[in-house]
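Trainee: I would like to learn how to read features from a set of coordinates. Can we go through one case together?

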Amino acid sequence: MTSVAVIGMQWGDEGKGKVVDLLSESAVHIARAQGGNNAGHTVVVSGKEYRFHLIPSGILYPHTRCYIGGGTVIDPKSLIGELDSLRHHGISFEKRLFISPYAHVIFPYHRILDELNEGVHSIGTTKRGIGPCYVDKVGRRGLRMADLIAQDTFRDKLAKTLQWKNLEIERLFGHKPLSLDEISDEYAAYAEQLAPFVAPVEEMLFRAGRNNEKILYEGAQGSLLDVTFGTYPFVTSSCTIAGGVCSGLGVGPSSIDRVVGVTKAYTTRVGNGPFVTELSSAELGLFPDHTAAREIGVTTGRKRRIGWFDAPLVTHTIHLNGVDTLAIMKLDILGDLDEIRICVGYKIGKKQIHTFPAMIENLALVEPIYETMPGWKCPIGSIQTFNDLPHAARAYVRRIEELCGVEVSLISVGPGREQTLWQGTFFEKEPV
Ligand code: GDP
Ligand code: IMO
Ligand code: MG
């Protein structure tokens with residue numbers, strides 16, 4: 001048994017959903033520790049696309065058991081929408097989807113406050129109410145799934161919190177207050193639908209570990225969106241690095257055997273904040289367009305900002321997470337380029353920078369030191385083994401390994417399950 005955490009190495013959307021789906025074939029339990037429906041994870045099977053926001057991406061395999069942990073924030077309406085979509089696709093989830101009673105609930109006032117906050121201090125959030133919900137959690141006035149499904153006490157607890165939130169909404173922003181009756185009725189209906197899934201997730205995962213059953217921990221967002229170590233304040237409001245798995249699921253550190261870092265073969269970011277290797281508009285013109293490159297946000301439909309691979313950035317996040325191996329995604333997207341740039345170092349003026357800056361003001365001053373490598377100028381989406389990749393593509397992967405100091409065990413050359421090249425012995429897989 002090897003339990004694995006799958007963590008994004010950049011600013012999210014690295015392809016974690018695809019990796020989790022692939023690894024779910026040989027796992028029993030798949031668990032989300034943090035975040036909410038700000039995440040959008042895509043899995044493509046036999047040409048059919050599935051998008052997950054909160055439900056773990058391992059749900060497509062009928063043998064798996066999936067968990068939404070206590071460190072997540074749940075928008076019940078969105079979650080019920082995901083369940084409907086699974087039913088629509090004929091995927092059963094009864095008795096194999098479990099929600100922690102400790103997870104906090106997103107209410108309409110969280111979404112409204114997210115929107116209003118963005119008007120004052122724009123982070124470029126997904127406006128799903130994630131930040132305001134986590135604020136209430138640490139402010140000790142949030143409501144959890146356990147509160148939502150406790151019919152006798154839910155309305156009173158909501159009344160108390162809503163009084164406070166309405167003050168904030170009215171006094172700070174001049175927005176009209178929200179109605180207790182409306183929210184209470186709407187959420188009572190959600191409670192009825194979600195109550196059957198609420199279960200002692202922490203204890204279940206403990207037992208799974210004891211029984212030596214393989215657990216996959218599905219990271220959401222990326223390490224540079226981490227609320228502590230990310231490009232603050234342009235971050236999300238949860239702990240997105242491997243450490244967050246323990247605090248978000250109530251499992252001990254020894255329950256994570258290995259950490260897989262997922263990185264794109266280049267870099268993307270949605271929302272505001274510094275981006276050292278962001279492409280110039282001329283360079284962007286050389287890339288496939290956003291639709292062809294699948295670089296349109298799954299959750300908000302925004303175009304993602306695109307940049308070259310940033311080795312100092314990924315090396316930094318490898319260190320933050322204790323990464324054992326890398327999965328490099330979307331190598332195929334670089335297939336049209338004559339030359340590919342790769343950032344191998346940072347400098348400010350003439351001075352080389354050896355530590356990733358803690359302050360975004362300093363990160364904004366950083367200039368990338370680039371190395372240029374030849375492109376391979378051909379499609380690689382149907383190649384089946386690493387050794388069959390063109391020489392220049394192999395050299396590019398090897399250079400990333402060298403710069404980041406970690407071996408690459410998975411290379412993705414397209415969105416489909418079958419478009420995956422396994423390398424070395426880490427995943428104990430034969431090349432497909
Ligand atoms: P996640 O949030 O980390 O799960 O990633 P997203 O699903 O938000 O974004 C990744 C996008 O790239 C999705 O549309 C995937 O289907 C797609 N994708 C994943 N791996 C590959 C790949 O190797 N090549 C191509 N072309 N697309 C990929
Ligand atoms: P997955 O799991 C990419 C970004 C938002 C914004 C910042 C704060 O699909 O990789 P929030 O709504 O969380 O308060 O927004 O974080 N963001 C993501 N970017 N992928 C994600 O998730 C993201 N989740 C949040 O764009 O910049
Ligand atoms: Mg995503």
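Trainee: Is the crossing of α3 and α6 left-handed or right-handed?

Mentor: Note before we start that this is a predicted model. The crossing of α3 with α6 is left-handed.

Trainee: How does one describe such a pair in general?

Mentor: Two packed helices are described by the angle between their axes and the distance between those axes. Here helix α3 covers residues 108-120 and helix α6 covers residues 151-173; their axes come within 11 Å and cross at roughly 25 degrees. That angle makes α3 roughly parallel to α6, because angles under 35 degrees count as roughly parallel.

Trainee: Which residues in α3 meet which residues in α6?

Mentor: From α3 the contact takes Tyr109, Ile112, Leu113, Leu116, Asn117 and Val120. Facing them in α6 are Leu158, Thr161, Leu162, Lys165, Glu168, Ile169 and Phe173. By class, the contact of α3 with α6 has nine nonpolar, two polar and two charged residues.

Trainee: At what angle do α6 and α7 pack?

Mentor: The angle between α6 and helix α7 (residues 180-194) is about 135 degrees, and their axes are 10 Å apart. That makes α6 oblique to α7. The value does not reach the antiparallel class, because that class needs an angle over 145 degrees. The crossing of α6 and α7 is right-handed.

Trainee: Which residues form the contact of α6 with α7?

Mentor: Phe154, Arg155, Leu158, Ala159 and Leu162 in α6 meet a set in α7 made up of Leu180, Asp181, Ile183, Ser184 and Tyr187. These residues divide into seven nonpolar, one polar and two charged. Leu158 and Leu162 of α6 also appear in the contact with α3.

Trainee: What is found between α6 and α7, for instance where does Pro177 lie?

Mentor: Pro177 is in the loop between these two helices. Its relative accessibility is 42%, so Pro177 counts as partly exposed. Apart from neighbours within four places in sequence, Pro177 is in contact with Asn166 and Glu170. For a sense of distance, take Pro177 and Trp11: they are 166 residues apart in sequence, and their C-alpha atoms are 35 Å apart in space.

Trainee: What does a pair with a different sequence separation give, such as Ile318 and Gly8?

Mentor: Ile318 and Gly8 are 310 residues apart along the chain, with their C-alpha atoms separated by 9.7 Å. Ile318 sits in helix α11 (residues 311-321). Its relative accessible area is 4%, so Ile318 is buried. Leaving aside neighbours within four places in sequence, Ile318 is in contact with Met9, Val323, Leu326, Cys404 and Val406.

Trainee: Is Thr277 buried or exposed?

Mentor: Thr277 is buried, with a relative accessible area of 1%. This residue is found in a loop, the one between β11 (267-269) and α10 (281-284). Not counting residues up to four places away in sequence, Thr277 touches Thr267, Gly307, Trp308, Phe309, Asp310, Cys343, Pro368 and Tyr370.

Trainee: Turning to backbone geometry, what is the phi of Lys95?

Mentor: Phi of Lys95 is near 65 degrees, a positive value in a residue other than glycine. Lys95 is in the loop between α2 (76-88) and β7 (97-99), and its relative accessible area of 73% makes it exposed. Lys127 also has a positive phi, about 60 degrees, although it is not a glycine. Lys127 lies in the loop between α3 and α4 (130-138) and counts as partly exposed at 34% relative accessibility.

Trainee: Which peptide bond is cis?

Mentor: The bond from Tyr232 to Pro233 is cis, with omega near 5 degrees. Pro233 is found in the loop between β9 (215-218) and α9 (243-249).

Trainee: Last, the metal. What are the protein donors of the magnesium ion?

Mentor: For the magnesium ion (ligand 3) they are Asp13 (OD) and Gly40 (O), lying 2.0 to 2.2 Å from the ion. Asp13 lies in the loop between β1 (4-8) and α1 (16-24) and Gly40 in the loop between β2 (29-32) and β3 (41-45), so the pair ties together parts that are 27 residues apart in sequence. Asp13 counts as partly exposed at 22% relative accessibility, whereas Gly40 counts as buried at 11%.

Technical notes. Residues are numbered from 1 along each chain as its sequence is written. Chains are lettered from A and ligands numbered from 1 in the order in which they are written. This is a predicted model: local features need pLDDT of at least 70, side-chain atom pairs count only at pLDDT 80 or more; totals for chains, interfaces and linings use all residues. Side-chain values use heavy atoms; hydrogens and water are left out. Axes are lines fitted to C-alpha atoms, for helices over the stretch in contact, and angles run from 0 to 180 degrees between N-to-C directions. Helices (H or I, at least four residues) and strands (E, at least two) are DSSP runs, numbered from the N terminus. Angles under 35 degrees count as roughly parallel, over 145 as roughly antiparallel, 65 to 115 as roughly perpendicular and the rest as oblique. A crossing is left-handed if the near helix is turned anticlockwise from the far one by less than a right angle, and right-handed if clockwise. Contact means heavy atoms within 4.5 Å. Ala, Val, Leu, Ile, Met, Phe, Trp, Tyr, Cys and Pro count as nonpolar, Asp, Glu, Lys and Arg as charged, and the others, Gly among them, as polar. Buried means under 20% relative accessible area, exposed over 50%, partly exposed in between (1.4 Å probe, protein chains only). Donors are N, O and S atoms within 2.8 Å of the metal (3.2 Å for Na, K and Ca); water is not among the atoms, so sites may look incomplete.
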